[in-house]
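Biologist: Got a minute? I'd like to go through this one with you and ask how each label was earned.

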Amino acid sequence: MRKLTGAVFLSLDGVMQAPGGPEEDRSGGFRFGGWTAPFGDESASRPLAKYLIKPDYDLLLGKRTYDIFAAYWPYNQDNPIGEKFQRINKYVLTHSDEPLAWANSHRLSGDTAETVAGLKRTEGRDLLIQGSSTLYVPLLAAGLIDRLILMTYPVVLGQGKRIFDGSQKPGALKLVDHFVSDRGVVFATYEPAGDVPTGTFETREPSEAELKRREKWAKEDA
């Protein structure tokens with residue numbers, strides 16, 4: 001079974017749209033394209049290399065991200081990421097009949113969750129999602145992502161594309177790796193860890209006032 005990792009560039013308020021440049025994705029009137037660039041430094045390059053260059057993986061992409069990558073990375077082979085992306089397989093979820101001209105590209109179609117579940121059952125390298133915001137909602141809802149690498153930048157963007165929309169199955173996550181760059185970028189790697197644990201900080205029996213509050217709010221919420 002192939003493992004599936006999602007590596008996401010995020011703002012503090014959960015936006016992942018157009019981290020790489022102003023012309024990357026202006027859909028919805030997004031005007032902050034390239035918001036990760038000012039935070040790039042040597043301390044951030046080390047974890048990026050750890051996640052994007054060193055592991056042996058194939059890419060899983062939505063069509064819009066594929067088009068962005070295909071217009072950039074084949075022409076930037078001097079970059080280690082470009083060289084890697086050129087030679088590995090690119091699996092592209094799309095309803096379009098447009099040819100996928102980038103070397104080692106493979107078209108996938110059909111229901112996103114069912115198709116990716118089938119791909120995970122095939123032989124081959126593990127899979128990495130880059131960009132591709134439309135893939136996260138169905139794949140997280142279906143429990144198909146084995147690892148999330150959240151690279152959170154100290155900016156608030158307001159509107160923009162996000163990976164969470166409230167349809168995800170509730171669950172706990174386990175932190176398995178973390179790093180903070182000199183400019184405040186938080187790299188945190190999570191894996192699923194079962195059901196959401198709950199508890200209480202109460203150490204005494206509830207007061208009469210607390211019992212009345214609960215009764216009042218229960219009626220209001222009914």
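Biologist: Let me start in a loop: why is asparagine 104 called partly exposed?

Modeller: Keep in mind that this is a predicted model. Asparagine 104 has a relative accessible area of 35%, and partly exposed covers what lies between under 20%, which is buried, and over 50%, which is exposed. So asparagine 104 is partly exposed. Its place is in the loop between β3 and β4 (105-108).

Biologist: And what is the phi of asparagine 104?

Modeller: It is positive, about 65 degrees, although asparagine 104 is not a glycine. Alanine 18 is another residue other than glycine with a positive phi, near 50 degrees. Glycine 143, just after α5, takes a positive phi of about 70 degrees.

Biologist: Where is alanine 18, and what makes it count as buried or exposed?

Modeller: Alanine 18 is found in the loop between β1 and α1. Its relative accessibility is 4%, and buried means under 20%, so alanine 18 counts as buried.

Biologist: Now a charged one. How do you know whether lysine 63 is buried or exposed?

Modeller: By the cut-off again: its relative accessibility is 14%, buried is under 20%, and therefore lysine 63 counts as buried. This lysine is found in helix α2. Beyond its neighbours within four places in sequence, lysine 63 is in contact with Val92, Leu93, Thr94, Ser96, Glu98 and Leu100.

Biologist: What about glutamine 77, in the loop between α2 and α3: what makes it partly exposed?

Modeller: A relative accessible area of 33%. Buried stops at 20% and exposed needs over 50%, so glutamine 77 is partly exposed. Leaving aside neighbours within four places in sequence, glutamine 77 is in contact with Gly82, Glu83 and Gln86.

Biologist: Gly82 sits in α3, doesn't it? Which residues of α3 are buried, and why say that they line one face?

Modeller: The buried residues of α3 are Ile81, Gly82, Lys84 and Phe85. Seen down the axis of α3, they fall within an arc of 165 degrees, so they line one face of the helix. Their cover includes α1, β2, α2, β3 and β5.

Biologist: Which residues are buried in α5, and what makes them a face?

Modeller: In α5 (residues 133-141) the buried residues are Ser133, Leu135, Tyr136, Leu139 and Leu140. Down the axis of α5 they fall within an arc of 135 degrees, so they too line one face of the helix. Among the elements covering them are β1, β2, β3 (90-93), α4 (112-120), β5 (126-130) and β6.

Biologist: β5 keeps coming up. Why is aspartate 126, in that strand, called partly exposed?

Modeller: At 33% relative accessibility, aspartate 126 falls between the 20% and 50% limits, so it counts as partly exposed.

Biologist: Which residues is aspartate 126 in contact with, apart from its sequence neighbours?

Modeller: Arg2, Lys3, Asp56, Tyr57 and Asp58, leaving aside neighbours within four places in sequence. The C-alpha atoms of aspartate 126 and arginine 2 are separated by 4.8 Å, and the two are 124 residues apart along the chain. Across the protein chain, contacts between residues at least 6 apart in sequence join residues at least 24 apart in 68% of cases.

Biologist: Let's turn to the interior. What makes a set of residues a nonpolar core, and how many residues has the largest one?

Modeller: The residues must be buried, of a nonpolar kind such as Leu or Phe, and joined through side-chain atoms within 4.5 Å. The largest such core has 30 residues, and those with the most contacts inside it are Trp35, Tyr57, Leu59, Phe85, Met151 and Tyr153. β1 (4-11), α1 (42-52), β2 (57-62), α2 (63-70), α3 (80-87) and β6 (147-153) each supply at least two residues of this core. A second, separate core of 23 residues includes Leu4, Leu108, Leu119 and Leu150.

Biologist: Which residues surround tyrosine 153 by contact?

Modeller: Phe9, Leu10, Ser11, Leu12, Trp35, Thr36, Phe39 and Val185, with neighbours within four places in sequence left aside.

Biologist: Last one: how many helices and strands are there, and what share of residues is buried?

Modeller: Six helices and eight strands, and 40% of the 222 residues count as buried.

Key. Residues numbered from 1 in each chain as written. Predicted model: local features only at pLDDT ≥ 70, side-chain atom pairs only at ≥ 80, totals over all residues. Heavy atoms only, no water. Helix = DSSP H or I, 4+ residues; strand = E, 2+ residues; numbered from the N terminus. Buried < 20%, exposed > 50% of the residue type's maximum accessible area, 1.4 Å probe, protein only. Contact = heavy atoms within 4.5 Å. Arc of directions from axis to C-beta.
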